[in-house]
Amino acid sequence: MEAEEHHRYAVVIAGGRSTRFGDRDKAVAPLAGTPMIRRVADRLLDATDRLVVNCRPDQRDAIANALDSYPNPVQYAEDEDPDLGPMAGIRTGLRGVEGWGGPDALAFVVACDMPFVEPSLVEYLFDRAADHDAAVPRLDDEWFQTTQAAYRAGPMADACDDALAAGEGKIIAPLFELDYVVVEDDEALEYADESTFENINTEEEFEAAERRLG
Ligand SMILES: Nc1nc2c(ncn2[C@@H]2O[C@H](COP(=O)(O)OP(=O)(O)OP(=O)(O)O)[C@@H](O)[C@H]2O)c(=O)[nH]1
């Protein structure tokens, strides 16, 4: 196996329009003084060693500014076709990983609006994904947390392409083509508290998170 494959990649997906948030891009909104995407990236600093950011071309300068001097190497995987949803963002981010580290590279994917993502859970999901294509938390026996999960870059990107080509909107659809491990919430919560899965959609949620951080 090539040494490249031993890198632990992070993918932060940020190509959404933040419509519930209001006029600004939540990815770069300063959360208690630090852009939200930078908070997410900083949480990943020790558990990963390379970062791929998925966003639209028009977001890139502001995001690059937010990630200025990030200690790990950063690459951008821009959406050619914007607004295809989070699954397309995962696909495009993982193609970026594939281009950097090959199809077998493992990546932890997280949404840009999850500022409390827990590094211990990141490490655990990498471990669980080791001999598989993916390790995905499932909450309440029902909800797959596909935007906080570990994936093998090539197989998951291919599965997302297939699902998108089939017009499959459900973000879990690609999983069913893969050898994936489910991490139930009681198992995940041995490594993290529930805030790891919290995502910030509205100004109210943002302000509540600021109060907790402040
Ligand atoms: N690349 C890409 N990423 C997306 C897209 N839609 C959502 N995302 C990302 O997926 C994650 C979860 O999406 P949401 O919480 O719905 O974020 P959002 O779409 O910006 O917000 P709303 O417009 O309020 O739904 C976030 O990290 C978004 O940036 C998209 O069309 N393309």
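In this predicted model, helix α3 (residues 86–101) gives the most to the shell around the ligand, contributing 3 residues. In total, 23 residues surround the ligand, and the closest are Gly15, Gly16, Arg20, Gly89 and Ala111. Sorted by class, this shell holds 8 nonpolar, 10 polar and 5 charged residues.

**Annotated positions**

An unreviewed UniProt entry carries the annotation "binding site" for Ile13, Ala14, Gly15, Lys26, Asn54, Asp79 and Asp113. Three of these positions, Lys26, Asn54 and Asp113, are set out below.

| Residue | Location | C-beta neighbours within 10 Å |
|---|---|---|
| Lys26 | loop between β1 (8–13) and β2 (30–31) | 27, buried |
| Asn54 | strand β4 (residues 50–55) | 27, buried |
| Asp113 | loop between β6 (106–111) and α4 (119–129) | 27, buried |

A residue counts as buried when 20 or more other C-beta atoms lie within 10 Å of its own. Lys26 has 27 such neighbours and is therefore buried. Asn54, also with 27 C-beta neighbours inside 10 Å, is assigned as buried on that basis, and Asp113 is classed as buried because its count is 27.

**Contacts of the annotated residues**

Residues up to four places away in sequence are left out of the contacts that follow. Lys26 is in contact with Ser18, Phe21, Met36, Asp113 and Ile200. Asp113 in turn touches Lys26, Met36, Asn199, Ile200 and Asn201. Met36 and Ile200 are thus among the contacts of Lys26 and also among those of Asp113.

For Asn54, the contacts are Val11, Ile13, Ala14, Gly15, Ala77, Asp79, Gly89, Thr92 and Gly93. Among these partners, Ile13, Ala14, Gly15 and Asp79 are likewise covered by the "binding site" annotation in the unreviewed UniProt entry. Gly15 and Gly89, both contacts of Asn54, are also listed among the residues closest to the ligand.

**Helix α4**

The loop that holds Asp113 leads from β6 to α4. Within α4, the buried residues are Leu121, Val122, Tyr124, Leu125, Arg128 and Ala129. Viewed down the helix axis, these buried residues fall within an arc of 165 degrees, so they line one face of α4. The face turned away from this buried side carries the exposed residues Ser120 and Asp127. The buried residues of α4 pack against β6, β7 (134–139), β9 (148–152), β10 (180–184) and α6 (185–188). Strand β6 thus appears both as a packing partner of α4 and as one of the elements flanking the loop of Asp113.

Notes. Residues numbered from 1 in each chain as written. Predicted model: local features only at pLDDT ≥ 70, side-chain atom pairs only at ≥ 80, totals over all residues. Helix = DSSP H or I, 4+ residues; strand = E, 2+ residues; numbered from the N terminus. Buried ≥ 20, exposed ≤ 12 C-beta atoms within 10 Å, placed from the backbone. Contact = placed C-beta atoms within 7 Å. Arc of directions from axis to C-beta. UniProt positions renumbered as here; feature names shortened; annotations may be inferred. Near = placed C-beta within 6 Å. Nonpolar A, V, L, I, M, F, W, Y, C, P; charged D, E, K, R; others polar.
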